[in-house]
Amino acid sequence: MKIVHFSDPHAGGPAEDFLAYIDKRWVGVFNYNFRRKFRHDMTKLENAVRYILDTKPDVAVCTGDLTSTGQPGEFELVRPILRPLRDSSIPLIYLPGNHDCYVKRPKCVKAVNEMVEYLTRGDYRFGDLPVVREYAGVEFLLLNCSRPSNLLCSWGFVDPRDAEYVVRECGAPRKGPRILVSHYPMIEHHPILRVRHRLFGQQRLLELLRSHQLDLSLCGHVHKPYLEVDDSGRGECCAGSVTRNGSMVEIDYSESENRFLYRTIAL
């Protein structure tokens with residue numbers, strides 16, 4: 001079983017309507033124009049797509065933040081880059097990030113909903129989450145934690161009903177390894193220092209991860225990639241930002257060894 005995991009391209013652009021100057025989008029537009037556009041190279045995302053198409057993994061996973069402010073024009077910037085992957089036979093999982101769900105403006109909500117349905121080829125809709133999908137004998141539990149938050153924070157939230165859904169799924173007989181896919185890391189070592197960027201309500205999911213009822217958490221959000229896994233490769237894998245670091249993660253699950261193996265792919 002081979003998984004390729006990438007995250008956080010952060011396509012950006014100008015404010016697309018005057019309302020952007022009175023909601024949170026002005027923060028993201030300012031951040032993009034004075035910081036992100038000098039750090040994020042979209043050609044790395046193009047390289048990522050080419051690599052995935054060449055290697056043909058069992059599934060490709062994108063853990064969100066395709067955009068900087070969730071505006072329709074930003075989604076349109078990444079659509080042609082991801083189209084060859086979307087049009088291939090490789091299953092594609094996409095979980096929106098907090099920047100994809102930046103504000104409640106109807107056109108922005110419509111844009112992220114359309115992108116979920118487009119990239120997953122209609123397999124699931126944003127409103128369907130959480131859902132479970134199985135590929136090559138591995139169960140993927142797809143969880144949305146991204147919602148618009150206040151002006152200065154990029155919080156994520158695990159809805160108690162969604163946590164209960166994951167608990168129920170983990171209580172069912174196993175078909176194989178279980179992988180939780182979300183934009184946000186479940187593990188947080190610095191909740192005070194990272195209070196503006198952290199996830200809330202994940203305690204029950206952490207317990208499942210620590211007890212190996214969930215084998216692996218795949219996430220983004222944090223732009224620097226990291227692995228926090230045990231000797232069997234179980235734990236959490238953050239892909240970081242594909243366009244900032246020029247890298248993504250290839251994960252192989254060995255059924256005979258019952259282990260996850262990781263390789264950083266330089267782009």
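## A salt bridge within helix α3

In this predicted model, R79 is buried, with a relative accessible area of 16%. Its salt-bridge partner is E76, and the N to O distance between the two side chains is 3.2 Å. E76 is partly exposed, at 43% relative accessibility. Both residues belong to helix α3 (residues 72-86), where they sit 3 residues apart, about one turn of the helix.

## A network of charges

Elsewhere, D17, D23, R25, R105 and K107 are joined into one network by salt bridges that share partners. Let's look at one pair from that group: R25 bridges to D17, and their closest N and O atoms are 2.9 Å apart. Are these two residues buried or exposed? R25 counts as buried because its relative accessibility is 0%. D17 has a relative accessible area of 19%, so D17 is buried too, given that the cut-off for buried is under 20%.

## A link across the chain

The salt bridges come to 20 in total. One of them pairs E250 with K2, with 3.6 Å between the closest N and O atoms. This pair links distant parts of the chain: K2 is in strand β1 (residues 2-6) and E250 is in strand β12 (residues 247-254), 248 residues apart.

How accessible are the two partners? E250 is buried, at 3% relative accessibility, while K2 is partly exposed, at 21%.

## The open sheet

Next, have a look at the strands. An open sheet is formed by 6 strands, and following the order β4-β5-β7-β9-β11-β10 takes you across it; the pairing is mixed. At the edges are β4 (131-135) and β10 (226-229), each of which pairs on one side only. From one strand to the next, the twist averages 20°.

Within this sheet, strands β7 (residues 178-181) and β9 (residues 216-219) run parallel and are joined by 3 bridges. If you would like a specific position to find, V181 has L218 in β9 as its bridge partner.

## An enclosed space

Rolling a probe the size of a water molecule over the atoms shows where empty space is left. In this structure there is 1 cavity of 30 Å³ or more. The largest cavity contains about 40 Å³ of space.

Which residues line the largest cavity? They are K24, N98, C101, Y102, R147, P148, S149, C153 and S154. By type, this lining consists of 4 nonpolar, 3 polar and 2 charged residues.

How values were computed: Residues are numbered from 1 along each chain as its sequence is written. This is a predicted model: local features need pLDDT of at least 70, side-chain atom pairs count only at pLDDT 80 or more; totals for chains, interfaces and linings use all residues. Side-chain values use heavy atoms; hydrogens and water are left out. On a 1 Å grid over the protein atoms alone, a cavity is a set of points where a 1.4 Å probe fits but cannot get out, and a pocket is an open set with protein on both sides within 12 Å along at least five of seven lines; lining residues have an atom within 4 Å of a point. Grid points are joined across faces, edges and corners, and a volume is the space filled by probe spheres set on the points. Ala, Val, Leu, Ile, Met, Phe, Trp, Tyr, Cys and Pro count as nonpolar, Asp, Glu, Lys and Arg as charged, and the others, Gly among them, as polar. Two strands pair if DSSP finds at least two bridges between them. Helices (H or I, at least four residues) and strands (E, at least two) are DSSP runs, numbered from the N terminus. Axes are lines fitted to C-alpha atoms, for helices over the stretch in contact, and angles run from 0 to 180 degrees between N-to-C directions. A salt bridge is a side-chain nitrogen of Lys or Arg within 4 Å of a carboxyl oxygen of Asp or Glu. Buried means under 20% relative accessible area, exposed over 50%, partly exposed in between (1.4 Å probe, protein chains only).
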